Amino acid sequence: MPYATAPDGTRIAYQLEGEGVPLVLLAGQANSHRWWEAVRADFHPVRSTLTLDYRGTGDSDKPDTPHSTELFAQDVVAVLDDLGIERADVYGTSMGGRVAQQLAARHPRRVSALVLGCTSPGGPHSVERGDDVRRALAQPHAEAARRALLEFMYTPGWLADHPGPHHTLGDPRMPAHSRRHHLTASNRHDAWDLLPTISAPTLVLHGTDDVLNPTANAPLLADRVPGARLHLIPDARHAYFEEARTHASSLVLDFLTTTSHQP
């Protein structure tokens, strides 16, 4: 397992597969690289894929120190530096989309093209999930909360045909302190003032039936990032990239291969 070392000494595990121009895939909150396991091969005809285990997940170190989406973005830069990659395409979903915003805004020379999926700008300008969603996720019975999360991720029909395992429900190996740090990092994200500085060509994707990260955040991002394109995927929930993978992966590949940029 290769590792990069962040400026604070934290070791970040990463995984590089395929050949060609690298596409960095950034997972959701409290998840390792396995978030992308079902779909990363979709991109290998034209891209290699680079994933990482966020600090606190997978094979990366799990320091009991504050995390932030800006810090996660710095960890991505450490991985790129370790591989000698100057620029890459970046596709982030959920909290990974928040990390991708920080990366593209604060390290513009490292990002060739940007895809922001099922994410939000954070802060007071974002549209928060409803109280009913919060209550469902906070149920004291663990299995009931897990089932609620599954149903926010996927439609009932898809779940009936795909009993799992589902790698989007969080890394089961995370210690409790890492889960807390991830939650805080995502909750404190606010890139509203940074978004207009993003110069990379940007595609915003979102499912129309996403209540975990409300769909109304997608046009906010698309309007705030200069020149961004917006595409909503009908009837899709939070894990649109997996359930609607044929549609979603094709959209991303088309965007990456037709956008004029130099990797």
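Okay, a definition to start: when I say buried, I mean under 20% relative accessible area, with exposed over 50% and partly exposed in between, using a 1.4 Å probe and protein chains only. And helices (H or I, at least four residues) and strands (E, at least two) are DSSP runs, numbered from the N terminus.

Now the housekeeping. This is a predicted model, where local features need pLDDT of at least 70 and side-chain atom pairs count only at pLDDT 80 or more, while totals for chains, interfaces and linings use all residues. Residues are numbered from 1 along each chain as its sequence is written, and side-chain values use heavy atoms, with hydrogens and water left out.

Let's begin with strand S7, residues 202-207. Six of its six residues are buried, so S7 is largely enclosed by the rest of the structure. What sits on each of its faces? On one side you have Thr-202, Val-204 and His-206, on the other Leu-203, Leu-205 and Gly-207, and they're all buried. That fits a general pattern: in a regular strand the side chains alternate between the two faces of the sheet.

Who are the neighbours? Strands count as paired if DSSP finds at least two bridges between them. S7 pairs with strand S6 (residues 111-117) in the parallel sense, over four bridges, and Leu-116 has Val-204 as its bridge partner in S7. S7 also pairs with strand S8, residues 229-233, again parallel, over five bridges. There, Gly-207 is matched with Ile-233 in S8. Helix H7 (residues 217-224) joins in too: S7, H7 and S8 make a right-handed β-α-β unit. Right-handed means that, with the strands pointing away from the viewer, the path from the first strand over the helix to the second runs clockwise.

Over to S6. Seven of its seven residues are buried, so S6 is largely enclosed by the rest of the structure as well. It pairs with S5 in the parallel sense over five bridges, with Thr-93 standing opposite Gly-117. And S5, helix H2 (residues 95-106) and S6 make another right-handed β-α-β unit.

Next, the core. A nonpolar core is a set of buried Ala, Val, Leu, Ile, Met, Phe, Trp, Tyr and Cys residues joined through side-chain atoms within 4.5 Å. The largest one has 75 residues, and those with the most contacts inside it are Leu-26, Tyr-91, Leu-114 and Tyr-240. Which element gives the largest share of this core? That's helix H1, residues 69-83, with seven residues.

Last topic, the rings. Phe, Tyr and Trp rings (for Trp, the six-membered one) pair if their centres lie within 6.5 Å; planes under 30 degrees apart are stacked, over 60 edge-to-face, the rest tilted. The whole structure has seven aromatic pairs. In one of them, Phe-43 and Tyr-91 meet edge-to-face, 6.1 Å centre to centre with 90° between the planes. They're 48 residues apart: Phe-43 is in the loop between S3 and S4, and Tyr-91 is in S5. Both Phe-43 and Tyr-91 are buried. By contrast, Tyr-154 and Trp-158 are stacked, at 4.5 Å and 15°.

Phe-43 and Tyr-91 also belong to an aromatic cluster with Trp-35, Trp-36, Tyr-240 and Phe-241.
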